[in-house]
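Trainee: I am new to this structure and would be grateful for a close look at a single part of it, namely the nonpolar core. Please set that part in the context of the whole chain.

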Amino acid sequence: MAQITIENITDVFEKSIEADMDPRLRELLTGLVRHLHDFARETRLTHDEWFAAMMFLTRAGAMTDDKRNEFVLIADVLGIESLVDAITHDAQGDETESAVLGPFYREGAPVKGFDDTISMRGALDGETARIRGRVVDRNGEPIAGATLDVWETARNGMYEQQDPDQPDMNLRGLFETAADGTYSIRCVRPVSYPIPFDGPAGEVLAAMGRHPNRPGHIHMIVRKDGYQSLVSQLYDRSDPYLSSDAVYAVKGSLVVDFEAGGDGVEYTVTHNVVLKSST
């Protein structure tokens, strides 16, 4: 039996893996462990520090449920989700850039009609806005029947699953493009808000001396068979937190202007979406 040492434990670990392990899983696992072992060696990690990290993760697990994922929040404030998003969805040319999904997405948003409102209260509560545009391919050809899964916070900065005063699925909606690729959504002008900072993710922010605020934004997932699904966000150009987003997710091409509206809304945003073929 080989004597385990500080220097050889990484090699011993890698040699212990069965030969028929899935190749990609092997690559990910060995890469992760190699970096973790190097980190422990380089920083001379103590047992007390290691145990504190384990308790940190334990607290994150205890806070995670179907309404809040503390692990996603931690990854967000460390910039990991934004990095993985950029690696996975490197937009080329005029393709619409992606952005992080975030921890508050819910499946099953109600189906809405063209130019319908995403409020489940009937009337929109807050500054009203219309987001409209076209979904097209890289050649500028319209994509009919594409779905836009849209969600945002209320004007109090809370998503509906955080707020007992909002009806279920409030400010969430599933929209479809018309034959010419156009879409129209009536929503609330987004407001900046703090991500939940009463748990481990907040501890990380406090230790870094950073605020927990995200600039006002609207989430959307755009899907159509034959095209790569796009997870993205739209940001209000006037928001004071654009340059200091707590989760490092703002991209210049996703910053939009809320211009004077009309036809029943206070503001109008024009935003075209360019999807990449999946073939």
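Mentor: The account below begins with the chain as a whole, turns to the core, and then moves outward to helices and loops.

The model is a predicted one. Its protein chain has 6 helices and 13 strands, and the C-alpha atoms fill a box of roughly 75 × 45 × 30 Å along the principal axes. Of the 279 residues in the chain, 43% are buried. Contacts often bridge long stretches of sequence: among those between residues at least 6 apart, 70% join residues at least 24 apart. The chain exposes about 14,800 Å², and carbon and sulfur atoms supply 55% of that area. The side chains include 27 positive and 46 negative ones, and the centres of these two sets lie 1 Å apart.

Now to the core itself. In soluble globular proteins, nonpolar side chains tend to be buried together. Here the largest nonpolar core has 27 residues, and V135, L148 and V222 are those with the most contacts inside it. Strands β2 (128–136), β3 (147–151), β5 (182–188), β8 (217–223), β9 (230–236) and β12 (267–270) each supply at least two residues of this core. The greatest contribution comes from β5, with 4 residues.

V222 gives a view of the surroundings from one point in the core. Leaving aside neighbours within four places in sequence, V222 is in contact with V135, T147, L148, Q228, S229, L230, V273 and L275. Another core, of 23 residues, lies apart from the largest one, and its members include W151, L205, L254 and V255.

L205 leads to the helices. It belongs to α6 (residues 200–208), where P200, A201, G202, V204 and L205 are buried. The buried residues of α6 pack against α3 (47–63) and α4. Just after α6, G209 takes a positive phi of about 75°.

Helix α4 (70–77) also receives the buried residues of α5, which pack against it. In α5 (residues 80–88), the buried residues are E81, S82 and D85. Seen down the axis of α5, these buried residues fall within an arc of 100°, so they line one face of the helix. The face turned away from this buried side carries L83 and I87, both exposed.

Some loop residues complete the picture. V111 lies in the loop between α5 and β1 (116–117). V111 counts as exposed because its relative accessibility is 69%, where exposed means over 50%. V111 is 19 residues from R130 in sequence and 17 Å from R130 in space, C-alpha to C-alpha.

Two further loop residues stand out by their backbone angles. Most residues other than glycine have a negative phi. Y248, in the loop between β9 and β10 (255–256), has a positive phi near 60°. With a relative accessibility of 40%, Y248 counts as partly exposed. D263, in the loop between β11 (259–260) and β12, likewise has a positive phi, near 55°. D263 is exposed, with a relative accessible area of 68%.

Key: Residues numbered from 1 in each chain as written. Predicted model: local features only at pLDDT ≥ 70, side-chain atom pairs only at ≥ 80, totals over all residues. Heavy atoms only, no water. Buried < 20%, exposed > 50% of the residue type's maximum accessible area, 1.4 Å probe, protein only. Arc of directions from axis to C-beta. Contact = heavy atoms within 4.5 Å. Areas by Shrake-Rupley, 256 points an atom, 1.4 Å probe, with all protein chains shown as cover. Lys, Arg positive; Asp, Glu negative; His and termini not counted. Charge placed at Lys NZ, Arg CZ, Asp CG, Glu CD. Core = buried A, V, L, I, M, F, W, Y, C linked by side-chain atoms within 4.5 Å.
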